There are 2 protein chains.
Amino acid sequence: MKLQTAKGIQDIIPEEKIIQNKIVQDLKETFEQYGFSPLETPIIERLETLSAKFTAGEASDALKETFKLKDQGKRNLGLRFDLTVPLARFVGMNPQLPMPFKRYEMGSVFRDGPIRTGRVRQFLQCDIDTIGTSSMLAEAEILSAADSAFKKIGLDVKIKLNNRRILNGILDECGIKKKEEAIIAIDKLDKIGQEGVIAEFKERKIKSSEKLFKLVKPGISLSELKKKVTSEETLKGISELEEVFGYLDKMNVYSIVFDVSLARGLAYYTGPVYEVFVKDGSLKSSLAAGGRWDNMIGSFLGKNSIVPAVGVSFGIVPIIECLKKKEEFSQKSLTKVYVIPIKTLDESLGIVQELRSQNINAAVDLLDRNISKNLKYANSLGIPYVIIVGKRELDEEKVLLRDMKSGDQFEISVKEVVKKIK
Amino acid sequence: MKLQTAKGIQDIIPEEKIIQNKIVQDLKETFEQYGFSPLETPIIERLETLSAKFTAGEASDALKETFKLKDQGKRNLGLRFDLTVPLARFVGMNPQLPMPFKRYEMGSVFRDGPIRTGRVRQFLQCDIDTIGTSSMLAEAEILSAADSAFKKIGLDVKIKLNNRRILNGILDECGIKKKEEAIIAIDKLDKIGQEGVIAEFKERKIKSSEKLFKLVKPGISLSELKKKVTSEETLKGISELEEVFGYLDKMNVYSIVFDVSLARGLAYYTGPVYEVFVKDGSLKSSLAAGGRWDNMIGSFLGKNSIVPAVGVSFGIVPIIECLKKKEEFSQKSLTKVYVIPIKTLDESLGIVQELRSQNINAAVDLLDRNISKNLKYANSLGIPYVIIVGKRELDEEKVLLRDMKSGDQFEISVKEVVKKIK
């Protein structure tokens, strides 16, 4: 038998999982600080639910990347590819939910797509969404939560903000019809420049416009844009963002900047959209992204009603990649102290239990090895302290504490060990 | 479209997820205290890996309950049904791991089985395992970790301990051949009594034995049993357990009791086995269970080598069920304070941010509703405090704090609110 993981799917080894757990904990605490409640939707959904997101045109392509399966009753099922569709299904199924419903969810999502660098078929997604309010306060709160989360994680970020209404209005003003396709091309302005976007317009048979690039111009400010446009929709979009910036100011959040070229690929956004980047530019991909999606839940319910929704999704993989560029991570274990008994197993077991009861993560030799093998083991796991428990030291109610980094050794009591390490 | 989850698969709503998160956090902290490192193996595995666990006889039945799927490359895949097989695969793939390898994993597992009360097709499993040591110290450590975990969770438990060697030796002594089948029947002695076991023996065409029930007798002590048996294997099993109890004594763990009838259904156990029950008997099902499984990893590697392993698996569903019998859980939100602005939105945003910066989970009205609707909303989520921010109070640098349980109201400064709530 070949011992391997499924194609495109990886184990998360302890040194990686320790970093991931830290980020997840930071996010969780931030989300709860902002009043979001935890929800867990299942990994397996009915295939019909997963397909409902897509309009006729998109369906075939996106569903190709959905893992499909059947249960023993031959029901058609699939693995979720995001946390948004299950949320829409959940809200639709639970009309009694007090509104606004603010939830966070962290869970694995699956895409049966081609494997390129950094793309995997199973990955962790962490989302917050506020359902049931059209107020721009919801956007401000979500942006502030993202700002707080990255502060907690320890990354200096810039959050780009735009509004689909602004782009839609501008495209109308410029007489461009295939708006969704045009938006996908404009989203790349940052990367491929004006020339690149024009080339992509040609490919997609979209008529370009001089006016477009006078308005969709890198660095243009909200107030400058306001003077240059006439479209009602664009002006409405601008005034929404002014409202968001006003709230953010009162909330002391200053990491958000307007960027008219930010479009976000997904068709389901209906209002403000945003994307988070690391400030020093050390990573090009975004660390988090989101926007307002007022139509999906309503369309799930099959009514004409609108259930407003706004959210943001955090990408754990790029966040870890970013942190790794800043710091070195070598912890393979969270153990603080490793205890080596020298013919003192009984007493050593008491000591290791004492450390644990003091909330110090501790382990003890389980293989009856000699000191040098034990030190090598502790070292290979990056455990910072070792206690060697000898009979002579015990007689004086002491143990030998070794700092594995400096090599310094101290003959001290267990109480003093606790004080030193805590 | 029908809005529903897949058959046998449920959403975990906020009030449930809040309890689950608390238990998971308690377990995680305990596991780390005992020196276990986090690992995450994938939810999708190669079907060949998942099948490798079963011997020819078992394969068809158990694999029937495995969710199967294919990727676009037509590879045969499946969803994991436990965390043990992926661990065996991981250890097999990583021969460089420093031994002993102590890991914990928490993740969803899947079984496409019949839906009975309380049985679901996706559920959370939480395991710790120590790989690479035959020492009974590993058993003692895992039992002590389980003991600590339940103390932290707040459940008074009794842990039953037995040894497969003891049962195997006794069955030999009694001339019973179909040992695996006999063990499955004996495991039910507690529930169905001696008569029941004899009946099941008949069904399975196993010759019963008077001697068997003199040895496998509820309440028999380890020392009593030791006097009555002759089998080398049984005596070896008894001496292993004596060793475990000796270590547990030094570790101040006293919740473990010997139970000769405890067998555990799974065929892959090779030594000590254990099962955790709530002491007051309010729930019959076990809360956690495990044992030594020295053969699986070796058989995965296709060599004759033995890679010793010992672990325990925690059942989150029965643990939650047990806690619910003791306490009432009604929190739908972790929010501590809900802020209601009365034409003071700007100042209220500053206040809610101040609370968050003090690590107080806070939310603010996002729908511009009146006081009574806002109070109703806060109440429906079980939020304990509300702050009403009026202009008059603000002029005196105060706000109105309302205790939602008692109805008491206080006109105090935000600083005093923080002190009061923290």
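I take two residues to be in contact if their C-beta atoms, placed from the backbone, lie within 7 Å. The model I looked at is predicted, so I note that local features need pLDDT of at least 70 and side-chain atom pairs count only at pLDDT 80 or more, while totals for chains, interfaces and linings use all residues. Residues are numbered from 1 along each chain as its sequence is written, and chains are lettered from A in the order in which they are written.

**Entry 1, the two chains.** I looked up the interface and found 79 residues of chain A in contact with 79 residues of chain B. Helix α1 of chain A, residues 14–33, gives the largest share of the chain A side, six residues (helices are DSSP runs of H or I with at least four residues, strands are runs of E with at least two, and both are numbered from the N terminus).

**Entry 2, chain A as a whole.** I noted 17 helices and 16 strands in chain A, and its C-alpha trace spans about 90 × 55 × 45 Å along the principal axes. Of its 422 residues, 46% are buried, a term for residues with 20 or more other C-beta atoms within 10 Å of their own, with C-beta atoms placed from the backbone.

**Entry 3, helix α13 of chain A.** In this helix, residues 316–326, I found Ile316(A), Ile319(A) and Cys322(A) buried. They lie on the same side of α13(A) because they cover an arc of only 125° around the axis, taken from the directions from the helix axis to the C-beta atoms. Among the elements that cover the buried residues of α13(A) are α1 and β11 (309–315) of chain A.

Technical notes. Buried ≥ 20, exposed ≤ 12 C-beta atoms within 10 Å, placed from the backbone.
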